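Open your viewer and get ready to click along. We will take this structure one selection at a time.

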Amino acid sequence: MIKSFHMIFILLSISSFVGRVYLAEKRPEMLEQKWIKIGPHIINSLLLITGFTLVFQGSWLSGEYGWIVAKLIALLGYIGLGIVAIKSQGDLRWKAFAGAIACFIYIGIVAVTKNAFFFL
């Protein structure tokens, strides 16, 4: 059940990110609406809570947990690049957007494979 909620929050998180980047490009004034500012924070908080719940339910901290650390580092990259993508303009916005999406994909692959170095 928690995993299903986690997956739903993943989809909501990436959708809200892509939507906010779109709005930043096409209708930046909409980003000032309260629900657009607060909504993604609520979604991402619930995403983190369900993620930590899965980690503790699965006892993943008792064994090899480098993949979890890799996901957390990539999450920081996703957040940082996401901020740049939403707040910047032009070429920098799209480079940061691509980097954030790459971090998101990396996190997903590591979650499935439980291997931080799946590409080696």
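**Stop 1: helix H4**

This is a predicted model. Start by selecting the buried residues of H4: Arg 93, Ala 96, Phe 97, Gly 99, Ala 100, Cys 103, Ile 107 and Val 110. What covers them? H1 and H3 are among the elements that do so. Now select the whole of H4, which has 24 residues. From first C-alpha to last, H4 reaches 35 Å, close to the 34 Å expected at 1.5 Å a residue.

Zoom in on Ala 100, which is found in helix H4. Is Ala 100 buried or exposed? Its relative accessibility is 0%, so Ala 100 counts as buried. Leaving aside residues up to four places away in sequence, Ala 100 touches Phe 17, Tyr 78, Leu 81 and Gly 82. Next, draw a distance from the C-alpha of Ala 100 to that of Ala 74: these atoms are separated by 9.0 Å, while the two residues are 26 residues apart along the chain.

Before leaving this part of the chain, click on Lys 114, in the segment after H4. Lys 114 is not a glycine, yet its phi is positive, about 55 degrees. Most residues other than glycine have a negative phi. With 37% relative accessibility, Lys 114 counts as partly exposed.

**Stop 2: helix H3**

Select residues 66–87 to light up H3, a helix of 22 residues. Its first and last C-alpha atoms are 32 Å apart, close to the 32 Å expected at 1.5 Å a residue. Within H3, color the buried residues: Trp 67, Ile 68, Ala 70, Ala 74, Tyr 78, Gly 82, Ala 85 and Ile 86. Turn the view until you look down the axis of H3: these buried residues fall within an arc of 140 degrees, so they line one face of the helix. A general rule helps here: an α-helix has 3.6 residues a turn, so residues three or four places apart point the same way.

Which residues are exposed on the other side of H3? Pick Ile 73, Leu 76 and Lys 87 to find them. Then return to the buried residues of H3 and show their surroundings: they pack against helix H1 (2–26), helix H2 (34–57) and helix H4 (90–113).

**Stop 3: where H1 meets H3**

Keep H3 on screen and add H1. How do the two helices lie relative to each other? Their axes come within 9 Å and cross at roughly 25 degrees. Angles under 35 degrees count as roughly parallel, and H1 and H3 are therefore roughly parallel to each other.

To see the contact itself, select Ser 13, Ile 14, Phe 17, Arg 20, Val 21 and Ala 24 in H1, together with Tyr 78, Gly 82, Ala 85 and Ile 86 in H3. Sorted by class, the residues of this contact are 7 nonpolar, 2 polar and 1 charged.

Stay with H1 and pick Lys 3, which lies in this helix. Lys 3 has a relative accessible area of 56% and is exposed. How far is Lys 3 from Leu 54 in space? Their C-alpha atoms are 7.0 Å apart, although the residues are 51 residues apart in sequence.

**Stop 4: helix H2**

Leu 54 leads us to H2, where it is one of the buried residues. The others to select are Ile 36, Pro 40, Ile 43, Leu 47, Thr 50, Gly 51 and Val 55. H1 and H3 are included in what covers them. The 24 residues of H2 should span 34 Å at 1.5 Å a residue, and its end C-alpha atoms are 35 Å apart, which agrees.

Now focus on Thr 50, in helix H2. At 8% relative accessibility, Thr 50 counts as buried. Not counting residues up to four places away in sequence, Thr 50 touches Ile 2, Phe 5, His 6 and Phe 9. Finish this stop just after H2, at Ser 59, which takes a positive phi of about 55 degrees.

**Last stop: the whole chain**

Zoom out to the full protein chain. It holds 4 helices and 0 strands, and reads α-α-α-α along the sequence. Along its principal axes, the C-alpha trace spans about 45 × 35 × 15 Å. Of the 120 residues, 32% count as buried. Among contacts with a separation of 6 or more, 66% come from residues 24 or more positions apart.

Terms used
Residues are numbered from 1 along each chain as its sequence is written. This is a predicted model: local features need pLDDT of at least 70, side-chain atom pairs count only at pLDDT 80 or more; totals for chains, interfaces and linings use all residues. Side-chain values use heavy atoms; hydrogens and water are left out. The expected span of a helix is 1.5 Å times one less than its number of residues. Buried means under 20% relative accessible area, exposed over 50%, partly exposed in between (1.4 Å probe, protein chains only). The arc is that of the directions from the helix axis to the C-beta atoms. Contact means heavy atoms within 4.5 Å. Axes are lines fitted to C-alpha atoms, for helices over the stretch in contact, and angles run from 0 to 180 degrees between N-to-C directions. Angles under 35 degrees count as roughly parallel, over 145 as roughly antiparallel, 65 to 115 as roughly perpendicular and the rest as oblique. Ala, Val, Leu, Ile, Met, Phe, Trp, Tyr, Cys and Pro count as nonpolar, Asp, Glu, Lys and Arg as charged, and the others, Gly among them, as polar.
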